[in-house]
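Biologist: Please give me a close look at one part of this model, the sheet and its surroundings in the first chain. Then place it beside the second chain.

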Amino acid sequence: MARRAGALRTPSPPAGLALALSFLIALAALLPARADSAKSSKPAKGSEAAALVPGAQPPAAETVPAKPVNQRQAERLLKRSERAAAKTGSGGGEPGATAVAPAGGEVRAGATHQGNTRHRAGSRRVGDGAEHAAGRQGGETGSGESQSAARSVAQSQALSTKAKAKKEREREERRQEREERRQRNGHENRKEREAREAEEARAAETPAPVKLLEAPLVSAATAVTSAASAVAGAEATTAAGGPAIAGEHAVESTISSRAAARRRAHARRSGGAIPTGAALPFVALAPAVASPTSRSAPVHGKHAVKHSVKKRESSPLVTTVTRIIGVIPTSLWLLIAALALAAVAFATTSRLSARRARRLDRQRRDLLEDVGLLQAALLPELPARLGPVRTTASYRPASGPGAGGDFYDVFALEEGKIAVIVGDVSGHGRDALPHTTLLRYTLRTYLEADLSPREALRAAAPALERQLGGSFATVVLATFDPRERLLTYACAGHPHPLLTGMAHDTAIIACSAPPIGAGRPTGTRQTVVRVPGAAVACFYTDGVIEARTGGELYGQGRLAGALDGLGAEPTAASLLDSVRDGTDRRPDDMAACLLGISGGGATPEIVSEQIELDGREAGRNRTRRFLLAAGVPERRIAEVLDSARAIAADHGSALLELKLGDGPPRMTLTHDNIAPLRARAIARTQEVAL
Amino acid sequence: MQAVGVNASETNSGAVSFLISRRELAHDTSLLSVEGDLDLASAPSLKWALEDLQAAESRNVIVDLARVGFIDSTALGVLVGAQRSLGSGVRLAIVCEEENVLRIFELTGLDGMFEIVPTLQYALSYIQGSNTAAG
């Protein structure tokens, strides 16, 4: 017996169950006579019960020879088993697991070892009930618990003669009621009919003395099944008249805790959980939801039809709900089902898209991080200061988060000098990225080789032009020497820098050098500005001054005004913010780089202009304009240009330097001073000359 | 006159129409007349028009920017590209009197790269071999 108990499937074997089982063992030992008679009538057991109860767990049947026990003992057992059942019902995770148990000691469902036809029929019938339930619920059952509970109870029951008489009467009543219900439901299967006949036959005789009940399980989660209502019926009976076998033969109860039973039955119907340790011994758990499909809902409790009816009447809620559900037409059910399916589909879709959105968001963050890293490689983090100079830079792409065609760099050179590179490659966005890196690092290298900005441009441009592949780039290179307080810059197709304290149109724009990649020599101009006092040098890309405000260009004038308006310590970011606020359309990338030079109140002034002239340039009108703008007297222009042409004829180009100051500029004409970079060419020329 | 490209560049003050028209002149010369602002939005139209001329193997090209109020770096890049892709015997002249545009050419150092003349007559003279209008 203990072995069998171990074989039972109990998901979470409760301690109470073990106790009940041990008690059963003891009882079995105390009831030898009954057991013997039972065994002699039918030695084979268990397997048949399993065969008869399709939905049940395999060796569901347990046979315990039982004999009458005294009332008190039975009551104790009942309570104990009930606790066990309640515990397993609620703790075993089986929703609405049902356990049915006999009170009267007569074996009913599933107990087959008695071997008599009546009993088999009875068990078969209960098996049917279980089958209904199991079939609808996919066979999920809570059999182990209910069986154990039932078993322990059954053993304790003794049937008194008086009880038999009463039971017979009540059985008849229940039968009639079941008949009525069957007629109502229009459904009666053959097995049930057979079972009923067998039952009637049995009722005619004196019932067998003591049999052990093996309760078939009624499936868990029988919310919407006929089994649910069947069990509910059983519950009603139980509550009213005492213990009942699961939808089967009622037995005389030796226990009456009716009030508690009623409460529990009611609670069960309305979905409440069964309180542990409640007084009702035999628990038939059924989810309270009355089933609309309770077609075959035989009344299983045989006792107390009146009570049963009374019980139903006393639950108007259930009755009402059942009625309402009963009148819902099939088409409406179909509609409800379709809506439910749609809801499930929508929920699934929604969940999937939420997940996808989360994934995309994560990928986007990752990408932005990558872009940020790449952008940091292109647009370096500047130190807040380089020596005595505050440095800030800012970059605003025209579209998207990534860097585009603008680039900048600020770095320290030897002897405390500071170098600045700001440039713009034609086109923007990612297509321009390879070119911006190429330009920035190449130009930086030339500047770090201690070339002046113009020399760096002059030397780097031919190499860069070959690699730009048709693109062109504008760039401004600058160095600042804090000791001399001289800012030297050279532009290649790029706007001149602004200096606070100096008019924005002071720089001579005639004869500006062309961009890198335009097919013409560049690095032909250089300007030196002395910065005696405090000033801010602003390097920027043309996207800043080509921003639009009301259809007009933002322009250098407005930019200079914005720079002045930012106070003593402006930052590039605040300057670009100001530009953004002052414009309505910014079609190009914007970059700005500021050098904050501290000092007194003296204003900056241009001290030197350089221009490199070849023979053709020396003869052009724009060169004349340049000389005039620089303050060269008209009468000396022809003389200067003639000398330049002569030098260019010998050396390819002439470098004209104008020292600006009070009065006419002092002019110096030399030949190309980047000769060291063309040493090989010059040597070859000399060889030819020799 | 045949319109070869129409574009609209929007500003806050309203839509400013942009138009490029093409005319065949004597001496195997094509004239592209541009009207409106040459910026990021309209530069591609100019580029396509110039590419059409190259495909048509025009010997000389005059780009008339007399009615252009602004030219940005993108459009300048288009002109630079056209100048560089022209063959050795082909001449490109730009007609422009607008100060803003001339200043942009000057600022970017591209005024030395193109033959920029004030009127169409100067352009024709340059095309025909006269170099008197050289800037």
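Modeller: Start with chain A as a whole, which has 23 helices and 15 strands. Keep in mind that this is a predicted model. Chain A runs to 690 residues, and 51% of them count as buried. Many of its contacts span long stretches of sequence. Take the contacts in chain A between residues at least 6 apart in sequence: 78% of these join residues at least 24 apart.

Now the sheet. Eight strands of chain A form an open sheet, and their order is β3-β4-β5-β6-β8-β13-β14-β15. The pairing is antiparallel. The edges are β3 (406-412) and β15 (666-671) of chain A. Each of these two has a single partner strand, so one side of each is left without a neighbour in the sheet. On average, neighbouring strands of this sheet are turned by 15° against each other, with direction ignored. As background, strands of a sheet pair through backbone hydrogen bonds, either parallel or antiparallel.

Zoom in on one pair. Strand β5 of chain A covers residues 473-481, and strand β6 of chain A covers residues 486-492. Seven bridges join them in the antiparallel sense. One register point is A:L477, whose bridge partner in β6(A) is A:A490. A helix also packs on the sheet: α22 of chain A, residues 634-651. Helix α22(A) touches β13 (605-613), β14 (654-659) and β15 of chain A. The direction of α22(A) makes about 15° with that of β15(A).

A:L477 turns up again in the core. The largest nonpolar core has 132 residues. A:V420, A:L477, A:A537, A:F539, A:A592 and A:C593 are those with the most contacts inside that core. In soluble globular proteins, nonpolar side chains tend to be buried together. Look at A:A537 more closely. Leaving out residues up to four places away in sequence, A:A537 touches A:L487, A:P497, A:L499, A:L594, A:L595 and A:I597.

Next, one residue on β13. A:V607 is found in this strand of chain A. A:V607 has 16 C-beta neighbours inside 10 Å, so it counts as partly exposed. Burial would take 20 or more. Again leaving out residues up to four places away in sequence, A:V607 touches A:V528, A:V529, A:R530, A:K659 and A:L660. A:T527 lies 80 residues from A:V607 in sequence, but the C-alpha to C-alpha distance is 7.9 Å.

Then the partner chain. Its contact with chain A takes 29 residues from chain A and 23 residues from chain B. On the side of chain B that touches chain A, two elements give two or more residues: α2 (73-85) and α3 (99-107) of chain B. The largest share of that side, six residues, comes from α2(B). By class, the side of chain B counts eleven polar, seven nonpolar and five charged residues.

What is chain B built from? Four helices and six strands make up its secondary structure. From the N terminus on, the elements run β-β-β-α-β-α-β-α-β-α. Chain B has 135 residues, with 47% of them buried. Among its contacts between residues at least 6 apart in sequence, 63% join residues at least 24 apart.

Follow the strands of chain B in sequence. Strand β3 (residues 29-35) of chain B pairs with β4(B) in the parallel sense over six bridges. Within that pairing, B:S33 has B:D64 as its bridge partner. Helix α1 of chain B, residues 43-55, joins β3(B) and β4(B) in a right-handed β-α-β unit. Six of the eight residues of β4(B) are buried, so this strand is largely enclosed by the rest of the structure.

On its other pairing, β4 (residues 60-67) of chain B runs parallel to β5(B), with five bridges. Two register points fix this pair. B:D64 stands opposite B:V95, and B:V63 stands opposite B:I94. Strand β5 (residues 91-95) of chain B has four of its five residues buried, so it too is largely enclosed by the rest of the structure. Three bridges join β5(B) to the parallel strand β6 (residues 115-117) of chain B. There, B:I94 has B:I116 as its bridge partner. The chain crosses from β5(B) to β6(B) through α3(B), and this β-α-β crossover is right-handed. That brings us back to chain A, since α3(B) is among the elements on the side that touches it.

Definitions and conventions: Residues numbered from 1 in each chain as written. Chains lettered and ligands numbered in written order. Predicted model: local features only at pLDDT ≥ 70, side-chain atom pairs only at ≥ 80, totals over all residues. Pairing = 2+ DSSP bridges. Axes fitted to C-alpha atoms, helices over the stretch in contact; angles between N-to-C directions. Contact = placed C-beta atoms within 7 Å. Nonpolar A, V, L, I, M, F, W, Y, C, P; charged D, E, K, R; others polar. Buried ≥ 20, exposed ≤ 12 C-beta atoms within 10 Å, placed from the backbone. Right-handed = clockwise from strand over helix to strand, strands pointing away. Core = buried A, V, L, I, M, F, W, Y, C linked by C-beta atoms within 7 Å.
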